[in-house]
Amino acid sequence: MRDRPYDVVTFDCYGTLIDWERGIRDAFSAAAAVARLPVDPEAALKLYVEVEATVEAGTYRSYRADWPLPDSRVGFLADSLPGWRPFPDTNPALRRLSDAGYRLGILSNVDDGLLAWTSRHLAAFFETVVTAQQVGSYKPAPAHFTRARSLIGEMRWLHAAQSYHHDVAPCRALGIPVAWINRKGETAADGGSPEHEFRTLGALADWLAPSSP
């Protein structure tokens with residue numbers, strides 16, 4: 001096999017490794033059924049995405065959602081997060097990269113505890129882990145990336161992520177090699193282009209850890 005182009009590959013977690021949209025839809029559907037509230041899961045997901053950017057622009061807060069529910073149910077979204085599942089291509093890609101000798105990591109906008117639960121669904125050891133709880137801010141603020149740089153040191157580093165706004169744009173601004181896992185075939189809002197772009201994690205693994213002929 002050819003020499004590896006990088007030593008370390010880090011990932012955004014939710015949206016890149018974990019199917020967060022399905023997780024949110026399922027959580028709202030379940031909570032609405034219990035509370036007998038007329039909630040459209042697709043509309044709830046759209047509203048969540050709209051509110052997310054506003055929340056992330058402020059100071060760090062625990063990854064909890066507010067909704068007019070009984071006190072026993074107000075944390076339903078965060079409580080559901082440990083059950084969110086990986087995309088079908090996630091674990092096969094992680095195994096291939098790990099077997100090929102890459103050191104792996106996660107840079108995530110959640111709390112340490114929630115990420116620890118999610119990691120149980122992922123078939124890899126993540127040597128570098130940076131969370132919003134650790135740095136006190138949310139991507140696309142630079143703290144996740146500067147912390148990761150300090151942990152990774154001089155090793156060659158590639159970051160891979162689905163969100164152009166949260167991950168690709170700040171990586172480009174900071175001069176960090178980045179692979180856009182563009183699962184939805186989106187167009188970059190700023191008209192920019194990452195060094196590398198793939199539709200799936202499987203395609204990323206094909207490039208970083210190609211099978212022997």
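In this predicted model, strand E5, residues 178-181, runs parallel to E6, and 3 bridges join the two. Within E6, Glu197 is the residue that stands opposite Trp180.

E5 and E6 belong to an open sheet of 6 strands, in the order E3-E2-E1-E4-E5-E6, with parallel pairing. The edges are formed by strand E3 (126-131) and strand E6 (196-198); each has a single partner strand, so one side of each is left without a neighbour in the sheet. On average, and with direction ignored, neighbouring strands of the sheet are turned by 20° against each other. Strands of a sheet pair through backbone hydrogen bonds, either parallel or antiparallel.

Three of the pairings can be set side by side, each with one pair of facing residues.

| Strand pair | Sense | Bridges | Residues paired |
|---|---|---|---|
| E5 and E6 | parallel | 3 bridges | Trp180 and Glu197 |
| E1 and E2 | parallel | 4 bridges | Thr10 and Gly105 |
| E2 and E3 | parallel | 5 bridges | Ser108 and Thr131 |

The chain passes from E2 through helix H5 (residues 112-119) to E3, and the β-α-β crossover made in this way is right-handed.

How much of strand E2 is buried? Of the 6 residues of this strand (residues 103-108), 5 are buried, so E2 is largely enclosed by the rest of the structure. Strand E1, which pairs with E2, covers residues 8-11.

The largest nonpolar core consists of 34 residues. Phe11, Tyr14, Leu17, Tyr102 and Leu204 have the most contacts inside this core. At least two core residues come from each of E1, helix H1 (20-35), helix H4 (90-99), E2, H5, strand E4 (157-161), E5 and helix H9 (201-208). Which element supplies the largest share of this core? That element is H9, with 4 residues.

Tyr102 gives a closer view of this core. When neighbours within four places in sequence are left aside, Tyr102 is in contact with Arg4, Pro5, Tyr6, Asp7, Val9, Leu97, Leu208 and Ala209. Apart from the largest core lies another one, of 15 residues, and Val8, Leu107, Ile152 and Ile176 are among them.

Key: Residues numbered from 1 in each chain as written. Predicted model: local features only at pLDDT ≥ 70, side-chain atom pairs only at ≥ 80, totals over all residues. Heavy atoms only, no water. Pairing = 2+ DSSP bridges. Axes fitted to C-alpha atoms, helices over the stretch in contact; angles between N-to-C directions. Buried < 20%, exposed > 50% of the residue type's maximum accessible area, 1.4 Å probe, protein only. Right-handed = clockwise from strand over helix to strand, strands pointing away. Core = buried A, V, L, I, M, F, W, Y, C linked by side-chain atoms within 4.5 Å. Contact = heavy atoms within 4.5 Å.
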